[in-house]
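Trainee: I have a structure open and don't know where to begin. Can you walk me through it?

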Amino acid sequence: MPDLLLELFSEEIPARMQAQAADALKKLVTDALVERGLLYEGAKAFVTPRRLALAVHGLPGRQADQREEKKGPRVGAPEQAVAGFLKAAGLASLDQATIQSDPKKGDFYVAVVEKPGRATTEVVAEIVPDIIRKFPWPKSMRWGSGTLRWVRPLHSIVATFGAEGDEPEVVHFSVDGIEASNVTRGHRFMAPEPFTVKRLDDWMAKLEAAKVVADRDRRKEIILNDAKDLALAAGLELVEDEGLLDEVCGLVEWPVVLMGSFEARFLDIPDEVIRATIRANQKCFVLKDPKTGRLANRFILISNLVASDGGKAIVAGNERVIRARLSDAKFFWDTDRLNGLASRMPKFQSITFHEKLGSQAERIERIVRLAKELAPKVGAPVALAEEAALVAKADLLTEVVGEFPELQGLMGRYYAQGENLPAEVAAACEEHYKPQGPNDRVPTAPVSVAVALADKIDTLVGFWAIDEKPTGSKDPYALRRAALGVIRIVLENEVRLPLGAIIRHELAFALMQVVSDQIGLTARFGAIRSAIDIHKYPPEVWAEVYKQELGPLASEMSAKFPQKLDDAGLNLLAFFADRLKVYLRDRGARHDLVDAVFALEGQDDLLLVVRRVEALAAFLATEDGKNLLAGYRRAVNILRIEEKKDGRAFAGPTVAALLKEPAEEHLAAAIDDVKARVSKAVAAEDFEAAMTALSDLRQPVDAFFDAVTVNDADPALRENRLKLLDEIRAATRGIADFDRIEG
């Protein structure tokens, strides 16, 4: 079957857009072909800096003929309806229609429309120009006097169609004056002359001869293998970088790997700074000395041509630029070390964190305060947690981080080590930002854990206080990532943290700060805050202190404060529950079980929530668990129906004297026993024992429904038995809210 070859030849396509453009071209063309009845066997897209191409294999030579029956009006219908039918069906008169009978609707006209299929080349000539004009480039441009918008000026179009062994025909169409043909060009410098191509294999072979490697994956393979070989020959190791490899692959059509060097004196700069400098400015790879584990004073660059001098001039040019950039980096590094981290702290007072949340200095103050509170809970020395929290953000004002923001935290560690600060403090400077994604590692050192939790919780609490929560897919302040970071730190370090109480306390502080700013009492608020130890009192108590101190202007704040605090606290805790569901779901857990556990009052210890969820999942996987859940639902359904009918709730306990049947006596006794055992097991955090106790309800519940009629004619017996059903619900509530369990 014939194949289609399409190539769009232009000026250089930005590397960051190439892969997406290749995928888009493949999808747009193949979808359009299939929509028009042209099915294909396979398709592959190609992209280089100067061309975007697509090969579609196994297309039919033409569309299949189509035969369609169009139902018309009834025989004898008004003339206007008949005329509309004839026009829609393309008939000259009713003589060209047939009449069909329907037992219910009578006789009606039918037009049989036969539409012959078109040649595939005609279809391609129709769809490709429209795709080119509407191509979804992130950015595009116009040039000259034309109207076409393309990522860069488009020079030529190749479009051929034909079967293997035959001479393919050119698919004739034009876009903005550019006529499709079978002519393309090779490498800009090494083979600029035009040449003709036929189909995919011929196109790739001739491009290769014209110094163009059309396959993106093959260019990446060439670069990686040649770079490794060159490094090995020098006794070094390539520091692989997948992102950089993707980028440089999009910069060259004929990759040539070369090695350059820089002065050894620059190796005094941290490896990460050297790598960032060389990567950002020259798109070059760095090399590592396997003997020392540190970077070597060599680098790998990727040229787009074979130079007559073996690449000496190209290497020398890159060396000059890298030498200049490393000189800048060394200057930044040396300058930063002249002044200690602490000297930078006053500058944060003039830097706004958020217009509603104050300056960076105020934020650091909050993080320090919270880190001190969290330190004992995570096993960290309070003094070290305080010191680490105070300087953790200081490197944001250094020259190196100003030049390379991606090195924030890491540079803080280097500077702290250079000042001989405690190792725990230096580690926290880097690790308090972690984890920054699902695959990033979690800090484990206690001081780092305390500062990381304080940093993330302060961020969440602050934005909840000003009602800047994530909405839909929008999360400009990365609050979902912050919450997931708290969850991972807590769970992976097995930290016992009363999250609800911490959130409530910090929210109370943040809400009063926000309201004080709104009523113009920021300075007075700060003075009061400094004068008392707010951690000695619950939020409600010191909210009253603020009310008295701030005077009449704070009355409105105090009136709304309790409800705002409750609403924001519950909402933020629910946000954590949602993030925890995502985290556990990715690990195979059921989200409904997280809901069932979180629904119980006071479930804010994430570690215990997860342990309870795991125990509940294991229990529900057993026969006892499945049958008890079925019995629970039966009990609750009966109870809801009867409560709705009577317009009242039936809440236990039951009256022992009204337990007439042995099965209900047995169930009542089992419930009392199970409730006591579950309560004791939960208090001891032995959730496996709690589930074992709960499983003992299965047989009494089954026996009760087999032997007892709940809706007895005697109203007193009926009410008592309904209360007994409520006791089943109460017994399970010691573990989770079974109403929220699905399946």
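Mentor: Start with a term. A strand here is a DSSP run of E with at least two residues, and two strands pair if DSSP finds at least two bridges between them. Also keep in mind that this is a predicted model.

Trainee: OK. Which strand does a hairpin join to β2?

Mentor: β3; the hairpin between β2 and β3 passes through 2 residues. Strand β2 covers residues 42–48 and β3 covers residues 51–57.

Trainee: How many bridges join β2 to β3?

Mentor: There are 7 bridges, and the two strands run antiparallel. To see one pair, find lysine 44, whose bridge partner in β3 is alanine 55.

Trainee: What holds paired strands together in general?

Mentor: Strands of a sheet pair through backbone hydrogen bonds, and they can be parallel or antiparallel.

Trainee: Is β2 enclosed or exposed?

Mentor: Largely enclosed by the rest of the structure, because 5 of its 7 residues are buried. Buried means under 20% relative accessible area.

Trainee: Zooming out, how many helices and strands are in the chain?

Mentor: The protein chain has 26 helices and 18 strands. The chain is 743 residues long, and 49% of them count as buried.

Trainee: What is the radius of gyration of the chain, and what would a compact globule have?

Mentor: The chain has 37 Å, whereas a compact globule of 743 residues would have a value near 27 Å. Along the principal axes, the C-alpha atoms fill a box of roughly 100 × 100 × 55 Å.

Trainee: What share of contacts join residues at least 24 apart?

Mentor: It is 69%, counted among contacts between residues at least 6 apart in sequence.

Trainee: Back to sheets. In what order do the strands of the open sheet come?

Mentor: The order is β13-β15-β16-β14, so read it along the sheet rather than along the sequence when you look for neighbours.

Trainee: Which are the edge strands?

Mentor: β13 (237–238) and β14 (256–261), each of which pairs on one side only. The pairing in this sheet is antiparallel. For instance, 2 bridges join β13 to β15, residues 285–288, and leucine 238 stands opposite leucine 287 in β15.

Trainee: Which helix packs on the sheet?

Mentor: Helix α5, residues 216–233, which touches β13, β14, β15 and β16. The direction of α5 makes about 40 degrees with that of β14.

Trainee: At what angle do α5 and α6 cross?

Mentor: Roughly 120 degrees, with axes that come within 9 Å. The crossing is right-handed. On the α5 side the contact is made by Arg216, Arg219, Lys220, Ile223 and Leu224, and on the α6 side by Glu242, Leu245, Asp246, Val248 and Cys249. By class that gives 5 nonpolar, no polar and 5 charged residues.

Trainee: And α14 with α15, what is the class count there?

Mentor: Their contact has 13 nonpolar, 2 polar and 1 charged residues. Residues from α14 in the contact include Val449, Leu453, Phe463 and Trp464, and those from α15 include Leu479, Val486 and Ile489. The axes come within 9 Å and cross at roughly 145 degrees, and this crossing is left-handed.

Trainee: What joins lysine 434 and proline 435?

Mentor: A cis peptide bond, with omega at about -5 degrees. Proline 435 is in the loop between α13 and α14.

Trainee: How many residues of α13 are buried?

Mentor: 7 of the 9, so α13 is largely enclosed by the rest of the structure. Among them are Val425, Cys429, Glu430 and Glu431. The buried residues of α13 pack against α10, α12 and α14.

Trainee: Last topic, loops. Where does lysine 211 lie?

Mentor: In the loop between α4 and α5. Its phi is near 65 degrees, a positive value in a residue other than glycine. Glutamate 685 also has a positive phi, near 60 degrees, and is placed in the loop between α23 and α24.

Trainee: Why does lysine 211 count as partly exposed?

Mentor: Because its relative accessibility is 30%, and partly exposed is the range between under 20% for buried and over 50% for exposed. Glutamate 685, at 34%, counts as partly exposed too.

Methods. Residues numbered from 1 in each chain as written. Predicted model: local features only at pLDDT ≥ 70, side-chain atom pairs only at ≥ 80, totals over all residues. Heavy atoms only, no water. Buried < 20%, exposed > 50% of the residue type's maximum accessible area, 1.4 Å probe, protein only. Helix = DSSP H or I, 4+ residues; strand = E, 2+ residues; numbered from the N terminus. Axes fitted to C-alpha atoms, helices over the stretch in contact; angles between N-to-C directions. Left-handed = near helix turned anticlockwise from the far one by under 90°. Contact = heavy atoms within 4.5 Å. Nonpolar A, V, L, I, M, F, W, Y, C, P; charged D, E, K, R; others polar. Rg over C-alpha atoms; globule rule 2.2 N^0.38 Å.
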